[in-house]
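Student: Could you walk me through this one? I'd like to look at it together before I start asking things.

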Amino acid sequence: MPEAEHLSTTHRPHALSLHSIACSQLFRKELSASWTGSHTPVLLVGEEGSGKHYIARRLAAAMLCDAPDPETGACGQCASCRTLLQGSHPDLIELEPLEDKTSIPVASVREEVSATLPVYPQISRHRVYVISAAKSDTLTEQGQNALLKPLEEHPDFVRFILLTEDAGRLLPTILSRSRVIRIGRRDDEAILDLLKEAGYEGEIGDLAVRYADGLPGRALTIAGDEDFRALRDQTVAIFRQLPEATRAYCLTEGLQFFRDHKARVAVILRILESLLRDLLVLLQNGDGAVLVNRDLSSAFLAMRGRANEMDPAMAGELIRQTNHALSNNTNFDHTMARLLLGLRAFLGPKTDARDTFRLKAAIV
Ligand SMILES: [Zn+2]
């Protein structure tokens, strides 16, 4: 059974409805204005996890639907909606980089967009192009140039939806031809509703909301990640040991943990970042209710005993440096060893002056 259909019968009663995008009324109005009548290309701008693809799919469904509602979009019942729910739709063209590539070839823009523009839609009133320029290299300058003419001159039945994380990286000529809609972060309540609709409630839903930090895409990923809880528990266990840990522990067991979970290191770093942030909140006598890991507050309180020696803010900087090093393909073992020894230096007693000195020198 295709995924969309599966979801529509179990978790999401209206899998194409704009109701479930967890956004303010004002945003919905802005969105509605973008597809009712106008054929100006729509550019959805939002950071990773903000729900660009989720919203684009529902927006496309509304443009394709035979009987759309100005507020909720696609009806979910007509021939077009049913076709879309079954998987593919002949009047929907989606341009994304191929699985093993980071960018869309210019040839694809020419073949799949420019060359098909005059073709009449097969089952809908419109033909919709959804084109991703998510990252800076997803749609190169050449690719964007190839899109300019289609965006400006196209038959009345053609609609464009473009996506990007950073509008500043697109050509000004693309921006000036588009209706720009910015997708902001959502409040926890809206994300909780979205999770509930997707079938996630209780403890896992609560944890996902706190880790999501306003990003519904991140919330859904965490809630659907069966290993997240276990990974967090293991990360917390190491985090709690670090202040007392020996150098040898960091370079053996600690390092091994990262090696064993190399594919998930980005998630582990996010967990560590949230632990440090929570610790900082508690050290500054902040409200325990705002902690991301509020179920662990007693563990944090035990660590708080050494408040005068700790520097969680500096440790947070170390995490950011680690992320940076990983994205630049720096040696994995070396990067993780540096992280572990650094966290130990910032969270533990300042006896190993050599480590502390070296790390501080690297950070400043
Ligand atoms: Zn419909």
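Student: Which hand does the crossing of H8 and H10 have?
Tutor: This is a predicted model, and in it the crossing of H8 and H10 is right-handed. Helix H8 covers residues 188-197 and helix H10 covers residues 216-224, and the two pack at an angle of about 45° with their axes 10 Å apart. Because of that angle, H8 is oblique to H10.

Student: And which residues meet there?
Tutor: From H8 come Ile-191, Leu-194 and Leu-195, and they meet Pro-216, Ala-219 and Ala-223 of H10. Sorted by kind, the residues of this contact are 6 nonpolar, no polar and no charged.

Student: What about the loop before H10, what's going on with the phi of Asp-213?
Tutor: Asp-213 sits in the loop between helix H9 (202-212) and H10, and its phi is positive, about 55°, although Asp-213 is not a glycine. Asp-213 counts as partly exposed, because it has 16 C-beta neighbours inside 10 Å, and a residue would need 20 or more to be called buried.

Student: Where is Asn-329, then, and is it buried or exposed?
Tutor: Asn-329 lies in the loop between helix H15 (312-327) and helix H16 (332-347), and it counts as exposed because it has 8 C-beta neighbours inside 10 Å. Asn-329 also has a positive phi, of about 60°, although it is not a glycine.

Student: Changing topic: which residues of H2 are buried?
Tutor: Helix H2 runs over residues 25-35, and Leu-31, Ser-34 and Trp-35 are buried in it. They cover an arc of only 85° around the axis, so they lie on the same side of H2.

Student: Why would residues three or four places apart point the same way?
Tutor: An α-helix has 3.6 residues a turn, so residues with that spacing point the same way.

Student: OK, so what covers the buried residues of H2, and what's on the face turned away?
Tutor: The cover includes strand S1 (42-45), helix H3 (52-64) and strand S5 (179-182), while the face turned away from the buried side carries the exposed residues Gln-25, Leu-26 and Lys-29. Just after H2, Gly-37 takes a positive phi of about 95°.

Student: Last one, how many helices and strands are there in the protein?
Tutor: The protein has 17 helices and 5 strands, and its C-alpha atoms fill a box of roughly 75 × 45 × 35 Å along the principal axes. Of its 364 residues, 37% are buried. Among contacts with a separation of 6 or more, 71% are between residues 24 or more positions apart.

Definitions and conventions: Residues numbered from 1 in each chain as written. Predicted model: local features only at pLDDT ≥ 70, side-chain atom pairs only at ≥ 80, totals over all residues. Helix = DSSP H or I, 4+ residues; strand = E, 2+ residues; numbered from the N terminus. Buried ≥ 20, exposed ≤ 12 C-beta atoms within 10 Å, placed from the backbone. Contact = placed C-beta atoms within 7 Å. Arc of directions from axis to C-beta. Axes fitted to C-alpha atoms, helices over the stretch in contact; angles between N-to-C directions. Parallel < 35°, antiparallel > 145°, perpendicular 65-115°, else oblique. Left-handed = near helix turned anticlockwise from the far one by under 90°. Nonpolar A, V, L, I, M, F, W, Y, C, P; charged D, E, K, R; others polar.
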